[in-house]
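Dear colleague,

I am passing on the structure we spoke of, with the sequence alongside. Could you look it over before reading my notes below?

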Amino acid sequence: MRPTRIVAACVGAVTALAVAALPSGARPPADAVRAAAAGALATSVGAPSGIVRPAEPSTPPLEEGDSPANPVAKPGYTLDFQEEFSGTELNTDQWLEYYLPQWTDDREKAKAQYTVENGVLHEYLTPETQSWSPLDTTVKISSIQTYNQKHWHKFASSATPYRDEPVFDGYTTKYGYFEMRAKKSDVLGGGHQAWWMVGVDDTSIASANPEIDIVETFFRYPDSWAIEGYGWGSADFFSNWNGTGWEGKTVPHGSPTQEFHTYAMEWTPTELLFYYDNELFYRLDDAPNQEMGMILGIYTDAGSGTHNDTWPKGWDVDYIRVYKNNDGYAGTVAVEGAGQLSPGVPNPVTTVVTNWSAEPLVNADVQLVDLPDGWTATLATPAANLFQVVAPNTSVRTKWLVTPPIEVAGEPFEFRAEATYTLDCPPITVAATVAGRVLTDQMLPASGMTATTDSEHLPTGGEGPAANVLDGNPATIWHTKYRTDSGYSNAWPHWVRLDLGGEATVSGLRYLGRQSGANGRINAYRIEVSENGSDWTQVAAGSFANNGDWQTQTFTETKTRYVRLVATSNHGGFLTEDKTYKYSSAAEIQIMGELSEPAVGHPPAPRPAESECAAAAHLRIGAIEGLAPGKVARVATILKNLGTDPLVDVDVQLSGLPATWAVRVAEPAGNLFAEVAPGAVATTDWLVSAPVDASSAGAAPLAEARWLANCVEGLAEARAAWQVGPGEVIPAAELTATSDSAQSGYGPERVLDGSPSTEWHSLWTSSAGYHDFPIWLQLTLAQPKAVDGLIYRGREEGLGRSKAYRVDVALGEEDTWVRVAAGEFANTAAAQSVAFPPVEVDRVRLVILSDHEPQDADFASAGEVRLTSPGAQEAYGGHEPGARETTTPKACVPPELSLSVTVSGRCVAGRAYLAVRVVNTDEVAATVELSSPFGGKVFASVAPGKTAAHAFSTRLAAPPAGTVVVDAVGLAPPAGAEPGGLAPRAHLTESYEVARCG
């Protein structure tokens with residue numbers, strides 16, 4: 001998130017509201033919002049300099065039907081951005097007055113038409129408004145935005161910027177509660193008004209960044225609210241438009257074009273929640289996960305119908321505010337595979353805990369809770385539900401075995417997954433609710449099976465691979481080949497073979513035809529079983545109806561390891577002049593039955609207790625930046641005072657790293673703090689230098705903080721796991737690329753051209769002959785050099801992205817290769833690093849062993865590939881950590897309490913008594929405790945000038961000599977002591993000898 005513009009202090013208690021996958025309090029309830037003190041604003045205590053109190057809004061008086069403006073303060077939230085449109089000018093520190101000016105030939109055509117009056121922004125269009133850009137020759141726009149850069153929102157692959165626009169960064173953010181109060185246009189006809197967001201990750205490729213249309217309401221639907229979301233090629237947001245549709249969804253009350261109403265969106269890492277006048281209106285079950293900027297505008301002829309001649313066209317915006325949830329959006333939990341649960345058998349279900357923050361989640365666990373009666377949930381692997389650390393922007397997965405009892409077949413169910421972690425004490429718990437209906441029949445779990453086939457088309461728009469029949473998604477299908485470049489499939493039969501994952505007793509097969517038409521739906525079929533995957537026995541045959549419903553074929557129970565559905569005709573295929581293409585397809589396939597040896601699980605482990613959360617303070621280690629061989633990385637330790645007393649004489653140390661590493665502090669004595677007030681945070685910036693030969697295995701440092709709180713010694717510890725990354729990237733000009741397989745026009749030189757959208761690809765044309773795995777890509781250096789890593793970027797489109805790999809190196813004329821690394825790449829276009837110990841080489845081979853989209857042929861591809869070198873050791877810089885004072889601070893040494901003590905002996909009836917007399921000669925009352933070999937005595941309050949006396953019976957006629965100990969504590973600090981000063985104390989020892997009695 002960019003620097004905050006305005007921070008306001010929230011008032012009132014946090015109102016808890018359970019939200020799936022979020023901490024409590026994640027959305028502001030309507031009643032609590034309305035009840036908050038109107039307009040309560042305050043500069044945040046301890047806020048950075050430069051944060052000012054915002055101007056008071058000058059909202060026009062309420063009209064009949066208007067929804068009143070919400071108070072600025074929201075319980076449980078902190079104001080992060082505020083635009084009340086006060087005064088008569090637009091705040092050009094926050095807003096750019098031009099709409100995407102890089103895409104227009106005349107910048108002034110993109111300038112907004114607007115007024116700011118009476119606390120309202122009025123944006124408008126007139127007949128004289130020109131089309132904003134040659135890219136949209138008829139579209140007229142009046143719009144402002146909080147962010148811009150050269151390639152921002154490249155909405156067409158052919159678009160080329162007309163100019164290099166400077167970056168404008170008025171405000172961008174990720175996650176939060178976004179709120180606007182507005183009155184929409186009443187002109188009807190073609191056009192719309194919009195408040196929308198676009199991701200800010202710069203890109204020059206055809207795919208732009210995610211888009212959220214918080215409001216994109218067409219003029220011709222005056223009583224609706226249109227909401228849409230689209231990923232524009234982003235891997236973490238919708239691949240198609242999702243929302244209400246452009247006609248929108250009718251609002252529950254009021255007239256949006258005649259009255260002011262509030263429109264709001266809660267953006268979390270996993271969902272988007274939309275509110276109309278503080279009431280939940282719509283939900284999108286996905287969310288982008290990058291920073292975004294805001295755009296606010298009015299448009300006509302922009303694909304929203306033909307405009308009418310009602311002019312001007314305008315709308316009014318009272319305010320825009322953005323809030324951050326005080327509990328944050330650090331961690332979420334999600335559940336996969338719980339949609340189809342079979343009765344009486346263990347069903348594999350996966351929980352996914354994701355850290356969306358820039359700091360690690362510590363001591364995380366996940367549990368399945370509130371299971372219905374009779375259900376069990378165990379772990380496939382012992383203690384797999386516990387995670388010491390979840391690194392920033394990563395996910396951890398836990399495989400569960402969930403068993404519903406056989407008697408609940410066909411009944412609905414609901415339970416929850418809960419994840420607990422520490423980001424900053426106390427621990428945070430997030431949850432996700434799972435709901436569905438238990439299947440009526442016992443089915444083998446799809447997650448335990450694998451699918452192969454005789455023919456599958458290249459992955460295209462959710463169709464192709466046989467694995468799609470097991471993914472639980474009816475929208476994705478297996479389809480046989482149907483394009484020239486992949487080879488038509490014109491010979492019956494076609495089959496899908498299911499490996500059940502172990503021997504099972506099976507009794508039937510369920511088939512779900514594709515949902516998007518008849519093409520390839522299976523007509524005649526047979527079902528076969530096999531114990532070895534080679535020798536097949538037919539157990540059933542028949543014909544499926546031409547529809548998209550589930551269809552079931554049962555047969556006599558039989559034990560087997562493999563089941564094969566064989567298609568011998570279809571209901572739909574393309575007919576040409578000379579032949580009919582014999583296609584087959586399926587959306588889903590299920591097998592009825594039960595494994596002979598069901599998986600046996602382990603009880604979930606409890607989350608370890610955290611003593612530091614109950615202590616006076618909590619210490620954590622932040623995310624490390626730039627940890628690479630020979631480089632100096634930065635990391636912070638963060639100590640927060642959780643108690644009510646100040647921490648004094650605070651010392652933080654970072655240790656546990658290998659002896660060859662250097663650890664410094666960025667500022668002199670930056671690890672020492674004289675005092676940390678209650679609730680305050682003390683941060684130390686560390687400089688950590690790994691040597692050029694540092695192992696990629698990483699390190700596990702220990703951070704320790706020591707302090708005095710109310711003169712009591714305190715200690716907090718934190719651990720983290722660091723991975724040493726690759727070093728400096730070797731320039732592409734120093735490398736040449738070759739390979740043993742390359743499609744014409746997709747040669748290996750493309751991995752060095754600097755463009756991820758141009759890729760190397762192995763042969764895919766059947767006439768040229770496919771190349772089986774392994775397939776290698778070689779980078780040759782201009783001269784030998786130390787290399788410590790490889791960076792791989794997958795192709796922009798997924799087919800052929802590399803999966804299993806190894807890295808081999810060689811030096812000199814001999815063709816001798818040495819393996820230095822191996823593993824698997826994730827299925828993404830993002831850069832992925834492979835680190836290994838530095839080695840002097842002149843050739844490096846990336847050897848591809850498998851890909852992420854299995855086909856009849858083996859494919860390998862890469863968008864860009866680079867090598868890294870440790871280079872020279874950077875200068876450490878920084879300063880040696882300071883050492884804490886070992887002497888007791890003066891404030892922790894209590895003043896002396898003034899006492900007078902006498903001890904004497906006397907005889908009574910032949911027995912000796914010990915008489916002790918203490919006079920309080922101080923100015924404050926005191927508690928006095930006497931201790932002797934013959935017992936003790938406590939006087940709760942001895943006033944100044946008063947005496948405490950007691951006679952101890954020795955029960956002896958002639959006791960030996962000894963001592964009496966007097967401990968006393970004043971009941972108040974002495975007069976004139978500083979606030980919080982210590983009460984006076986005394987510890988006296990008095991010797992005695994008692995005469996013989998008898």
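What follows is a short account of what was found, beginning with the interior and ending with the charged pairs.

Please keep in mind throughout that this is a predicted model.

The largest nonpolar core has 54 residues, and within that core M180 and L296 touch the most other members. If neighbours within four places in sequence are left aside, M180 is in contact with W195, V215, H261, T262, Y263, L296, W315, V317, Y319 and I320. Apart from this core lies another, of 31 residues, which includes W661, V665, A694 and A699.

One of the contacts of M180 deserves a closer look, namely T262, which is found in strand β16, residues 261-267. T262 counts as buried because its relative accessibility is 2%, and, again leaving aside neighbours within four places in sequence, its contacts include P68, N70, R181, Y275, Y276, D277, N278 and Y319.

Further along the chain there is an open sheet of 4 strands in the order β58-β57-β60-β61, with antiparallel pairing. Its edge strands, β58 (935-942) and β61 (985-992), each pair on one side only, and neighbouring strands of the sheet are turned by 15 degrees against each other on average, direction ignored. Strand β60 (residues 962-970) pairs with β61 over 8 bridges in the antiparallel sense, and H987 in β61 is the bridge partner of D967.

The loop between β56 (911-920) and β57 (926-932) holds V924, which counts as buried because its relative accessibility is 9%. Although V924 and P973 are 49 residues apart in sequence, their C-alpha atoms are 7.8 Å apart in space. Not counting residues up to four places away in sequence, V924 touches L897, P944, G970, A972, P973, P974 and P984.

As for charged side chains, the count comes to 27 salt bridges. One of them joins E728 and K631 at 2.6 Å, N to O, and this pair links distant parts of the chain, 97 residues apart, with E728 in strand β46 (residues 728-729) and K631 in the loop between β38 (617-621) and β39 (632-641). E728 is partly exposed, with a relative accessible area of 43%, whereas K631 is buried, at 10%. Salt bridges that share partners also join K74, E84, E179 and R321 into one network. Elsewhere, E418 and R416 meet in a salt bridge at 2.5 Å, N to O, while in the salt bridge of K109 with D105 the closest N and O atoms are 3.8 Å apart.

With best wishes

Definitions and conventions: Residues are numbered from 1 along each chain as its sequence is written. This is a predicted model: local features need pLDDT of at least 70, side-chain atom pairs count only at pLDDT 80 or more; totals for chains, interfaces and linings use all residues. Side-chain values use heavy atoms; hydrogens and water are left out. A nonpolar core is a set of buried Ala, Val, Leu, Ile, Met, Phe, Trp, Tyr and Cys residues joined through side-chain atoms within 4.5 Å. Buried means under 20% relative accessible area, exposed over 50%, partly exposed in between (1.4 Å probe, protein chains only). Contact means heavy atoms within 4.5 Å. Two strands pair if DSSP finds at least two bridges between them. Helices (H or I, at least four residues) and strands (E, at least two) are DSSP runs, numbered from the N terminus. Axes are lines fitted to C-alpha atoms, for helices over the stretch in contact, and angles run from 0 to 180 degrees between N-to-C directions. A salt bridge is a side-chain nitrogen of Lys or Arg within 4 Å of a carboxyl oxygen of Asp or Glu.
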